[in-house]
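Here is a short structural report on one protein chain. Keep the sequence and the model open while reading.

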Amino acid sequence: MKDLFFFLKRYAGPYAGNIVLSVLFNFLTAFFTLFSFAFIIPILQMLFGLGSTDYAFMPWGSASLKEVAVNNFYWYVAEMVRADGASRTLAMLCLTLVVMTLLKVSTGYLSEFFTIPMQNGVMRDIRREMYDKIVTLPIGFFTNERKGDIMARMSGDVQEVQTSVMASLFSIIKYPVMIVACLGMMLVISWQLTIFVFVMLPIFGFIMGAVGKKLKEKSMKAQDKWGDILSNVEETIGGLRVVKAFNAEKVMERRFDNQTEDLYRINNAVLRRTTMAHPMSEFLGTTAVAIILWFGGSLILTDRSSIDAASFIYYMVMFYSIINPAKEISKVSYLIRKGMAAKERIDKILDAENPIHDPARPVALPADSGKSEVAFRNVTFSYDGERDVLRDINLTVRPGETVAIVGQSGSGKSTLVDLIPRFWDVEQGSVMVDGIDVKDLRVKDLRGLMGNVSQEAILFNDTIFNNIAFGTPDATPERVEEAARVANAHDFIMATPDGYQTVIGDRGCRLSGGQRQRISIARAILKDPAILILDEATSALDTESERLVQEALEKLMKGRTTIVIAHRLSTIANADRICVLKEGAIVEEGTHDRLIAKGGLYRHLVDMQQV
């Protein structure tokens with residue numbers, strides 16, 4: 001329950017008013033429950049001739065409050081019997097019982113009515129917090145996590161918290177109030193019997209707790225396995241072309257079958273243990289009722305009890321009114337254990353630390369940063385702290401200059417450019433923009449200077465217009481069309497069914513590779529960045545598409561500080577400088593002609609491509 005307390009403290013604060021109203025109506029429900037059942041005693045006495053009808057009015061304060069209230073109630077009933085007859089009096093008592101019950105169920109409804117906005121609101125807040133956290137976490141976080149598992153935490157785990165914890169919140173608020181109220185009335189009726197109940201109930205509670213002890217651990221395993229399944233599904237859909245090409249359908253089916261079989265076994269264990277809560281609580285409750293009936297009945301039969309038979313029946317009604325809330329609370333304890341297991345998986349995202357953050361005192365960019373200079377000063381970087389991906393990099397890209405980065409796969413090209421927008425932070429040395437260390441700038445200001453066109457054009461399942469205008473909220477249709485024309489994209493856009501309002505499908509699947517890339521370039525053109533990063537932007541295209549994209553890139557690069565990563569060396573022959581990386585270090589630097597004449601690694605790479 002300590003975990004639940006911290007959970008509610010963290011998320012339930014904005015809904016304190018709902019909690020107060022729910023608690024208030026729960027107290028009213030308990031009040032009407034107690035006094036609606038209180039009318040059973042005179043009804044029983046009238047039906048079966050139990051008790052005395054000789055009552056006299058007692059002034060308030062002449063005896064204890066309980067004695068005066070009970071005596072005067074029976075005196076009033078006796079007066080009604082003498083005045084109106086027993087049958088009419090019985091009808092009035094029954095009508096009063098109905099009215100009290102109506103009030104009880106109405107306040108019960110209102111108590112739950114005010115918890116509903118809190119239940120759904122907390123889930124909405126958790127989803128928002130998770131999504132906000134995901135989009136702000138650094139790239140490095142997702143290299144160690146599977147997309148399917150993250151999706152499982154946002155969907156399955158959040159849903160588990162909703163169905164287990166938040167759905168149980170009404171029970172947590174309602175049933176303890178009912179139990180305390182009924183126990184209080186039982187103490188008023190017979191403190192001797194109630195002490196016997198107090199001794200017996202903890203024993204039954206211990207038995208219930210022992211059954212659910214390992215439920216949280218098993219629920220955690222079930223959620224982890226569900227994350228594995230979603231990851232497998234996500235990988236299968238993404239790589240379906242490869243699966244079919246290698247006739248690996250059976251391999252993937254076996255993997256999926258094994259995972260679902262494991263989840264099947266774990267869920268069986270969880271649900272069997274959860275399902276045990278109701279029959280066990282009902283058995284223990286019936287056992288408790290039987291023991292109280294035997295103990296209290298024996299006292300009445302031997303004339304050693306302080307209450308009469310009608311009061312004892314009312315006492316049993318109060319005790320049975322505790323049994324159902326106690327059973328619900330036992331079920332709630334099981335559900336909360338499941339929900340807290342899911343909450344721990346959610347917290348792995350919410351509590352993840354983001355090492356990429358704004359400085360305490362950020363430096364403002366200079367007003368003339370429209371053509372920014374980028375400089376690497378003695379930069380060394382490692383992903384794992386053991387093997388250096390980049391070693392002692394010193395490189396300056398002057399304003400308006402185009403510098404190409406080439407080298408074999410794994411030489412550190414993409415890592416080098418990822419350090420500029422702070423997708424990763426350097427460990428040794430510094431990356432400078434206009435003479436300012438990027439760590440001293442606001443992340444938003446830094447990335448606002450940059451446009452990025454990568455090998456894989458990242459598009460969204462939205463219209464062409466919204467994809468081009470992505471990240472530029474003030475974009476007008478005229479500016480979007482102008483950017484598309486510069487990117488050689490306007491003609492094919494107008495050939496689509498709805499022009500700029502055509503929805504392009506998941507990741508732009510309704511467009512060709514060259515068309516997707518030109519949409520990506522149009523997006524960068526619209527942003528009008530001072531620094532442009534091109535990461536193998538044409539390597540995956542056919543010759544015709546490459547020509548159109550290359551023309552668009554040349555228009556985009558004009559007058560901008562540009563860093564180009566390229567495998568096709570023919571596309572960077574006109575670069576102002578070319579830097580050759582090998583095993584994380586710059587081994588050659590110069591123009592295309594100079595590096596060819598030098599006959600080093602660059603010449604070797606060019607010769608291999610020509611062959």
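The report goes from the whole protein to one helix and then to one sheet.

**Overall**

The model is predicted. The protein has 611 residues, and 46% of them are buried. Its secondary structure comprises 23 helices and ten strands. Among contacts with a separation of 6 or more, 77% link residues 24 or more positions apart. The accessible surface is about 31600 Å². Carbon and sulfur atoms contribute 59% of that surface.

**Helix α5**

Helix α5 covers residues 86–113, which makes 28 residues. Does its length fit an ideal helix, and what span should be expected? At 1.5 Å a residue, the expected span is 40 Å. The end C-alpha atoms are 40 Å apart, so the two values agree.

Which residues of α5 are buried? They are Thr 89, Leu 93, Met 100, Lys 104, Thr 107, Gly 108 and Ser 111. A lysine, Lys 104, is thus on the buried list.

Met 92 also lies in helix α5. Its relative accessible area is 38%. Buried would need under 20% and exposed over 50%, so Met 92 counts as partly exposed. Met 92 takes part in a nonpolar surface patch of about 420 Å². The other members of this patch are Leu 95, Val 98, Val 99 and Leu 103.

**The four-stranded sheet**

Four strands form an open sheet in the order β2-β1-β4-β5, with antiparallel pairing. The edge strands are β2 (388–397) and β5, since each pairs on one side only. 

Strand β1 spans residues 374–382, and strand β4 spans residues 428–433. Five bridges join them. Strand β5 holds residues 436–437, and two bridges join it to β4. Individual partners are listed here.

| Residue | Bridge partner | Strand of the partner |
|---|---|---|
| Thr 380 | Gln 428 | β4 |
| Met 432 | Asp 437 | β5 |

Val 433 stands opposite Ile 436 in β5. β4 and β5 form a hairpin with two residues between them. What is the phi of Asp 434 in the turn? The phi is positive, at about 55°.

In a regular strand, side chains alternate between the two faces of the sheet.

Notes
Residues are numbered from 1 along each chain as its sequence is written. This is a predicted model: local features need pLDDT of at least 70, side-chain atom pairs count only at pLDDT 80 or more; totals for chains, interfaces and linings use all residues. Side-chain values use heavy atoms; hydrogens and water are left out. The expected span of a helix is 1.5 Å times one less than its number of residues. Buried means under 20% relative accessible area, exposed over 50%, partly exposed in between (1.4 Å probe, protein chains only). Contact means heavy atoms within 4.5 Å. Accessible areas come from the Shrake-Rupley method with a 1.4 Å probe; for residues, only the protein chains shown count as cover. Two strands pair if DSSP finds at least two bridges between them. Patches are made of residues with over 30% relative accessible area and no salt bridge: like charges are joined within 9 Å, nonpolar side chains (Val, Leu, Ile, Met, Phe, Trp, Tyr) within 5 Å. A salt bridge is a side-chain nitrogen of Lys or Arg within 4 Å of a carboxyl oxygen of Asp or Glu.
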